[in-house]
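Here are two short exercises to work through with the model open beside you. Try each one before reading its solution.

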Amino acid sequence: MTNPISGFSKLSKQEKIDWVAEQYTHNPTVTKRLLQKYWNIDDELQKLHDEFIENTISNYYLPLGIAPNFLINGKLYAIPMAIEESSVVAAASKAAKFWLDRGGFKAEVLGTEKIGQVHFMYSGDPDHLETFFLQVKPKLIEAAKSLTANMEKRGGGITQIELRNKTSELKDYYQLHCTFETLDAMGANFINSCLEQFAETFEEEAMASPLFNEEGKKIEIVMSILSNYVPNCLIRAEVSCPVSDLRPNASIDPEEFAKKMIRAINIADVEPHRAVTHNKGIMNGIDAVVLATGNDFRAVEAGVHAYAAKDGTYKSLTHATIAHGIFKFWIELPLALGTIGGLTNLHPLVGMALEILHKPSAKELMQIVAVAGLAQNFAAVSSLVTTGIQEGHMKMHLLNILNQLGATDLEKKKIVEYFKDHTVTQSAVVQVFNTLRDNP
Ligand code: MEV
């Protein structure tokens, strides 16, 4: 029987741990030891992590891997990836190597526009609102000057504020639809601060305006927040090669393979069940780099999936064609990323990941992340249309199974050697493990 608690956040870290271990786990001593095992021995580093969020009781590790050999716009990258799923880093590395020998990846930023909105209600004459908006727009920009000064110095800032009438979708609903250029920052705090200032000024000015006083109607602000749907913060990455060079291994006929790749992508374009899994594979690559570079993968996920559904059905984010003997494979997706501010300045591993990536600008990071997604999709779909993914996946998963069985290093070595030319299945691994244990 557990009890509710008040003032949990005021407890010390140790008191929080004691409480949760005693209230919610069957062996508090084991729980406390486990939580402690994951603390960093460097007190300062631990304190830094404790302070990222609230009510911290330990750290949650993910492996950080490196996928080397990515040639992007003629520059060579080793891409850091934080992910728990086996095969993802291996698949990315394999695709990178394959395309390295075929000219590498080309990537182009198509836009960097960020979006925020002030949502409000108004039941009066839309023409009055339009007149008022045109009068007040310069005042909104002026009122946000102290917030935008630094960004403007660097060449960014507010790019547009529009009044949008949404009353055909929801009674009395309007918005200030605002766009921003935030340069190398993801810009969430900048945008949200500007929006809250717009809302305050907009409301104050409306209250003082004779237009609304005469008609007796008010503007009621509902909320001010950035949008994670940024269809004009867009990146395109592609690879191409003669069809005759499209041979991932000697037993594959390149023409046949190219056709199968195109068919698989066509299926993901018309069949949402497949498209979701197809895009999930892309996000394996994208999220891993987004996370390793301290960016907000939830924001990226939400925006990317909205983009995949922009035509009314959920579709593939990648596309492929064969024309004049050339196979072309590309991805187009929105990515709002930053390489300054937020966690990028705080988390030492994020700083290191950015250093490994040659300290990219936000635009360069968009290119790298999109390429990681494209590479991941190429690797996944290549396997799916040839051998299937289980063969490679189970080989990578072998160590996880052996760790679950408690295999020693020597046992692992012998069993990995054995499975170099045997099919990995859970039951086959258990059987080989048991036989080796019984006859070491
Ligand atoms: C698994 O994490 C990702 C795949 O399912 C992607 C795909 O099916 O394209 C292999």
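**Exercise 1: cysteines**

Why is the sulfur of Cys-233 in no bond with the closest cysteine sulfur? Keep in mind that this is a predicted model.

*Solution.*
- Step 1. Recall that a disulfide is a covalent bond between the sulfur atoms of two cysteines.
- Step 2. Find the partner to test: for Cys-233, the closest cysteine sulfur is in Cys-178.
- Step 3. Compare with the cut-off: a disulfide needs sulfur atoms within 2.5 Å, but these two are 16 Å apart, which is too far for a bond.
- Step 4. Widen the search: the structure holds zero disulfides. Cys-178 has the sulfur of Cys-194 as its nearest, 8.7 Å away, and is in no disulfide.
- Step 5. Check the surroundings: Cys-178 has 0% relative accessibility, so it counts as buried. Cys-233 has 2%, so it counts as buried too.

**Exercise 2: a helix pair**

Work out how helix α5 and helix α7 pack, and which residues make the contact.

*Solution.*
- Step 1. Locate the helices: α5 covers residues 126-143 and α7 covers residues 188-208.
- Step 2. Take the geometry: the angle is about 130°, and the axes lie 9 Å apart.
- Step 3. Classify the angle: it makes α5 oblique to α7. The crossing of α5 past α7 is right-handed.
- Step 4. List the contact: α5 contributes residues including Phe-132, Phe-133 and Lys-139, while α7 contributes residues including Phe-198, Phe-202 and Glu-205.
- Step 5. Sort by class: the contact of α5 with α7 has nine nonpolar, two polar and two charged residues.

Notes. Residues are numbered from 1 along each chain as its sequence is written. This is a predicted model: local features need pLDDT of at least 70, side-chain atom pairs count only at pLDDT 80 or more; totals for chains, interfaces and linings use all residues. Side-chain values use heavy atoms; hydrogens and water are left out. Buried means under 20% relative accessible area, exposed over 50%, partly exposed in between (1.4 Å probe, protein chains only). Axes are lines fitted to C-alpha atoms, for helices over the stretch in contact, and angles run from 0 to 180 degrees between N-to-C directions. Helices (H or I, at least four residues) and strands (E, at least two) are DSSP runs, numbered from the N terminus. Angles under 35 degrees count as roughly parallel, over 145 as roughly antiparallel, 65 to 115 as roughly perpendicular and the rest as oblique. A crossing is left-handed if the near helix is turned anticlockwise from the far one by less than a right angle, and right-handed if clockwise. Contact means heavy atoms within 4.5 Å. Ala, Val, Leu, Ile, Met, Phe, Trp, Tyr, Cys and Pro count as nonpolar, Asp, Glu, Lys and Arg as charged, and the others, Gly among them, as polar.
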